[in-house]
There are 2 protein chains.
Amino acid sequence: LTVAPPAQEGAFAAALAQLGQPDENAARWAREHHERLTKPPGSLGVLEALGAQLAAIAGTSPPPLPAPGAIAVFAGDHGVAAGGVTAWPQEVTAQMLANIAGGGAAINVLARAASASVTVIDVGVATGPAAIPGVVGRRVRAGTANLADGPAMTTSDARRALDVGAEVAADLVAQGAGALVTGDMGIANTTPAAALVAAFTGRPCATVTGRGTGVDDAMLATKVALVERAVARLPRDADPLAVLATVGGLEHAAIAGFIVGGAAAGVPVVVDGVIALSGLLAAAALAPSIVGFCIAGHRSPEPGASAALDHLGLRPVLDLGMRLGEGTGACLALPVIEAAARLLREMATFDAAGVAQLPR
Amino acid sequence: LTVAPPAQEGAFAAALAQLGQPDENAARWAREHHERLTKPPGSLGVLEALGAQLAAIAGTSPPPLPAPGAIAVFAGDHGVAAGGVTAWPQEVTAQMLANIAGGGAAINVLARAASASVTVIDVGVATGPAAIPGVVGRRVRAGTANLADGPAMTTSDARRALDVGAEVAADLVAQGAGALVTGDMGIANTTPAAALVAAFTGRPCATVTGRGTGVDDAMLATKVALVERAVARLPRDADPLAVLATVGGLEHAAIAGFIVGGAAAGVPVVVDGVIALSGLLAAAALAPSIVGFCIAGHRSPEPGASAALDHLGLRPVLDLGMRLGEGTGACLALPVIEAAARLLREMATFDAAGVAQLPR
């Protein structure tokens, strides 16, 4: 008789136990150094705040370059796809995984431009071959159940997906990643994302449910109704893991684990759009200090994304109307985030350059 | 007796004569190609519009990479600096030129990160050595006169500065630049920028005059009053060149020439903050088609920047609260702009990748 170890001893629990706090002293050193650099005080705007955050995450100023970036694209399918919430056939999840593994998707192009790696992880795809070449097979189950009719998955499934995410994060950092980037692929995955955002922020479902990609007015009404049904089933005192299992998705849970894993390893985690933010909400409900390790890469036009950003107190780096997923918005932010570290590392000080400073 | 050739025969006039229109067919080809790429239609947001604009500028789709970038930092001084509109000593202009030439300024750090070159051009510095090592000496005059008391310069000075800008643009493109980036350095140069924005947009001076770097409430009131005095002196029917000469600055005029020179050479011109935008307003008043060759790199918090962006119908790529100048905001946008071209060049189509398309 073999007994599986209790889930509390998995990679996610280990990451939670290892998780520290961003170092406020290092952030202060970075802010003080910015005052000495040859520019008007504060004139680098958000780059100065990012530089201080990178210093806090690394525990040193100037911070190391948050490079190379490593993008993990977690893929899953969703029972709710059968409920009329998406215009795309479910087969597209597996087809797009093969496209990403083959280097032809948007995330591949953006990752190459940013000298970042792309790792694709099947955490719950429902169609196509069991093993796709170039895809890391960590399927917890072949898609979730329809969250409109009952729990999307068991809490044990959700724990396993959290573990997969935390393990991938630890592996990528061990291989030398200086920043982690969340990515996702899954037809219909904005539906569980909306449900998670509603559950964790307390906002009405109709205000956080969006059109995803290719949803018309009638489909949106259906989508809102299904999200409302799912969220209404949650007990008022549901713990974060129960919420994730009941109305979430496998890639959402894996991303939550990935974020905690990256934070525990002390690297910045660049978070993409509404899928990633819904995972971050779950992770932050379990461990609030992880938010300090996260940088919102961009503002997705999905209403749930802005609701999550507000709730978490995050200001996105980019706002370019991107709603593709795969980690594209977060990946595109990498050069800006790297620049924030480079400025602290490379700019001359007033003293060294012989430039007159503002009178105090 | 030698007679100077009429200014109409200078580099700026030549660029104006050579200036074409962006190619709307190429833009349409790019938009059509985006519909075939493996992503939901429109899901790359602003990157799709940028890709179409790059195609229109190059006259072909997919467009060439807008790389390498070449930043030209035009430097000048301003008589109005003596009027209590800035907290910085005028010597800082020359000191910062040496810093940029030495590689220690913010623009150097950002340019290295973007694999872009930095060229520094003295078009009107008033203090320091006549020749600074590493700085291209094209001084039209040693700073402008105080625009609050009379014309900042003659129209002949302004023409010469326009020529310098157009020549620098042509040289950089001849040396292989795939995109030009406007940069500036000049203590007090947000004052003439505000006057130019007020003159070209027709907005009240008080609404387009900002704090620049390090201006307190009293200084801001002085600055608004001086800008109002300068703009009030303009005749109602002043032509764009007269406006530039009367209330502008040498680097503002050089940037106007640089933008027209880049557009005439058929490369995208990435425009920085309020100094560059005020130059672009002057250039667009002379040749409206140049706006189609320009990409607003970022939104500066200076109120004149947003007024100019609105007037020109430009949507900035970044909005990071940067107000440093030197071309820093525009340079930081280069990777995003390059990504727009890469996506059109490298992404797989639905057919090639075997991914199901949205039903039409």
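These are my notebook entries on a predicted model with chains A and B.

**Ground rules**

I number residues from 1 along each chain as its sequence is written, and I letter chains from A and number ligands from 1 in the order in which they are written. Since the model is predicted, local features need pLDDT of at least 70 and side-chain atom pairs count only at pLDDT 80 or more, while totals for chains, interfaces and linings use all residues; side-chain values use heavy atoms, with hydrogens and water left out.

**Entry 1: how the two chains relate**

I superposed the chains by least squares on the C-alpha atoms of residues with pLDDT of at least 70 in both. Chain A goes onto chain B with an RMSD of 0.0 Å, after a turn of 180 degrees and a shift of 0.0 Å along the axis. That is the relation of a two-fold axis. I also looked up which surface each copy uses: 100% of the interface residues of chain A are interface residues in chain B too, so the copies meet through the same surface.

**Entry 2: the interface**

How many residues does each chain put into the contact? I found 52 residues from chain A and 52 residues from chain B, where contact means heavy atoms within 4.5 Å. The area buried between the chains is about 4,100 Å², and carbon and sulfur atoms give 70% of that. Buried area here is the accessible area (1.4 Å probe) that two parts lose on being put together, summed over both. In chain A, the residues that lose the most area to chain B are A:W88, A:L320 and A:L358, together 14% of what that side buries.

Next I checked the polar side of things. There are two salt bridges between chain A and chain B, a salt bridge being a side-chain nitrogen of Lys or Arg within 4 Å of a carboxyl oxygen of Asp or Glu. I noted A:E346 with B:R112, whose closest N and O atoms are 2.9 Å apart. I also have 16 residue pairs in polar contact between the chains, both residues at pLDDT 80 or more. (A polar contact is a pair of N or O atoms within 3.5 Å; within protein, one must be able to donate a hydrogen and the other to accept it, and residues adjacent in sequence count only if both atoms are side-chain atoms.)

Which element gives the most to the side of chain A that touches chain B? It is α14(A), with seven residues. My helices (H or I, at least four residues) and strands (E, at least two) are DSSP runs, numbered from the N terminus.

**Entry 3: A:E338 and the cis bonds**

I stayed on helix α14 of chain A, where A:E338 sits. Is A:E338 buried or exposed? A:E338 is buried, because its relative accessible area is 12% and buried means under 20%, exposed over 50% and partly exposed in between (1.4 Å probe, protein chains only). Beyond its neighbours within four places in sequence, A:E338 is in contact with A:L65, A:P66, A:A67 and A:A114.

A:A67 turned up again in my peptide bond check: the bond from A:A67 to A:P68 is cis, with omega near -5 degrees. A:P68 lies in the loop between α3 and β1 (69-76) of chain A. In chain B, a cis peptide bond joins B:A67 and B:P68, with omega about -5 degrees.

**Entry 4: positive phi in chain B**

I logged two non-glycine residues here. B:S115 has phi near 55 degrees and sits in the loop between α5 (106-113) and β2 (117-124) of chain B. B:S115 is exposed, at 59% relative accessible area. B:E326 has phi near 70 degrees and lies in the loop between α13 (303-312) and α14 (328-346) of chain B. B:E326 counts as buried, at 2% relative accessibility.

**Entry 5: helix α10 of chain B**

I looked at α10 (residues 240-247) of chain B and found seven of its eight residues buried. The cover over those buried residues includes α6 (155-174), α7 (190-201), α9 (217-232), α11 (250-264) and α12 (274-286) of chain B. What caps the N-terminal end of α10(B)? B:D239 does, with a side-chain oxygen 3.0 Å from the backbone nitrogen of B:L241.

**Entry 6: A:T209**

Last one: A:T209 is in the loop between α8 (205-208) and α9 (217-232) of chain A. A:T209 counts as buried at 5% relative accessibility. The A:T209 side chain reaches the backbone oxygen of A:C205 at 2.7 Å.
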